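Let's take a walk through this structure together, one part at a time. Keep the picture open as you read.

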Amino acid sequence: MSLTMEALSRHRTLILCAAAFGASVAVGWFLCASKKKSKKRKLQKVGEVSQLFIHPIKSMRGVSLSEAECEEFGLKNGNLKDRVWGNEVPGRDCGEDASHWITNFLKAKQVYRLMHFENKMKPRNPKNEYPTYTENDQVAYPDLSPLLLLSEASLDDLNTKLQKKVTIRHFRPNIVITGCSAFEEDSWKEMQIGNHVTLKQVMPCPRCILTTVDPDTGVIDMKEPLETLRSYRLCDTADKEVYKDSPLFGHFLRIEKNGKIKVGDPVYQITY
């Protein structure tokens, strides 16, 4: 009988200890959560949207817009969505007429098809290509992110170093910002456009030979502005394995909150 009572007593002690430990963990979690929740979200205006672009077909000229819907897979305006890329991603064939037109225009021997990504299709995860992304990131046909942002001031800075000036369209951004200093966008880790759309910086955009293609003529220079960018916009040595010798110009963004954006919208940097 005494052994049974002793066992019960020990059992009750263990239960009380466990309960006390559980309560302390719960209180600690609550205090931590409350502390996070109480962090004040501050908005600091850093510029305005000056231009918006959608690039319906990869490596071709963009379409300038006055407003667009910022959705899960990027900007959208009516039936126009943002571009294709060199990975295997599902799509719906746009039919024979589109195929014939493209193939004839290119005077190609092989047949080209135009594909259209639909939201119900399976996107790709850019984490497989760059470790700066997460398991939750997803993208359809753009290079790595749904959005690419660049400032006019950064372009102006580059043009001071070039003999032959280039336009913002050489770099195929979706969102162009005015009212900030050159490369100030490098520091905008989190931002808000207008009253609703919130975005997070994922990584700078590593630039390739396509920046040397004149968007008006289609003629490729093969040299500029890429060489000049390499002279002052290479990554830190620690990131060399990721970016190699590609210069960094503009930023890829993650969409945190969807909504409509338009030219003239204020752009805020979010801090806590």
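Start with helix 3, residues 152–159, whose buried residues are A153, S154, L155, L158 and N159. Those buried residues pack against three elements: strand 8, helix 4 (226–232) and strand 12. Keep in mind as you look around that this is a predicted model.

Now for the nonpolar interior. The largest nonpolar core has 22 residues, and the ones touching the most other members are L75, L147, I175, I177, I193 and L199. Several strands give two or more residues to this core, including strand 3 (67–71), strand 8 (147–151), strand 9 (175–178), strand 10 (190–193), strand 11 (197–206) and strand 12 (248–257). Strand 1 gives the most, with 4 residues. To get a feel for the packing, pick out I193: leaving aside residues up to four places away in sequence, I193 touches V49, I175, L199, I261, D265, P266 and V267. Apart from the largest core lies another one, made of 12 residues, with F53, F171, V176 and F183 among them.

F183 leads us on to the aromatic rings. How many aromatic pairs does a search of the whole structure find? There are 4 of them. Take W101 and F105: their ring centres are 5.2 Å apart and their planes sit at 5 degrees, so this pair is stacked. W101 and F105 are 4 residues apart in helix 2, which means about one helical turn separates them. That fits a simple rule: an α-helix has 3.6 residues a turn, so residues three or four places apart point the same way. Buried or exposed, then, are W101 and F105? Both of them are exposed.

The pair of F183 and Y232 is edge-to-face, because the ring planes are at 75 degrees, with the centres 6.2 Å apart. F183 is in the loop between strand 9 and strand 10, while Y232 is in helix 4, so the pair ties together parts that are 49 residues apart in sequence. F183 has 15% relative accessibility and so counts as buried. Y232, at a relative accessible area of 27%, is partly exposed. These two rings also belong to one aromatic cluster, formed by F171, F183, Y232 and F249.

Finally, let's look at the gaps. Rolling a probe the size of a water molecule over the atoms shows where empty space is left. The largest pocket holds about 580 Å³ of space. Its lining is made of 20 residues, and I57, K58, M60, I102 and L106 lie nearest the pocket's centre. Which element gives the most to this lining? Helix 2 (residues 96–105) does, with 3 residues. Sorted by class, the lining of the largest pocket comes to 13 nonpolar, 2 polar and 5 charged residues.

There is also a closed space to find. The structure holds 1 cavity of 30 Å³ or more, and the volume of the largest cavity is about 50 Å³. Around it you'll find F53, H55, M60, R61, G62, R169, R172 and P215 as the lining. That lining divides into 3 nonpolar, 2 polar and 3 charged residues. You may recognise two names here: F53 is also in the core of 12 residues, and M60 is among the residues nearest the centre of the largest pocket.

Methods: Residues are numbered from 1 along each chain as its sequence is written. This is a predicted model: local features need pLDDT of at least 70, side-chain atom pairs count only at pLDDT 80 or more; totals for chains, interfaces and linings use all residues. Side-chain values use heavy atoms; hydrogens and water are left out. A nonpolar core is a set of buried Ala, Val, Leu, Ile, Met, Phe, Trp, Tyr and Cys residues joined through side-chain atoms within 4.5 Å. Buried means under 20% relative accessible area, exposed over 50%, partly exposed in between (1.4 Å probe, protein chains only). Contact means heavy atoms within 4.5 Å. On a 1 Å grid over the protein atoms alone, a cavity is a set of points where a 1.4 Å probe fits but cannot get out, and a pocket is an open set with protein on both sides within 12 Å along at least five of seven lines; lining residues have an atom within 4 Å of a point. Grid points are joined across faces, edges and corners, and a volume is the space filled by probe spheres set on the points. Ala, Val, Leu, Ile, Met, Phe, Trp, Tyr, Cys and Pro count as nonpolar, Asp, Glu, Lys and Arg as charged, and the others, Gly among them, as polar. Rings of Phe, Tyr and Trp (its six-membered ring) pair if their centres lie within 6.5 Å; planes under 30 degrees apart count as stacked, over 60 as edge-to-face and the rest as tilted.
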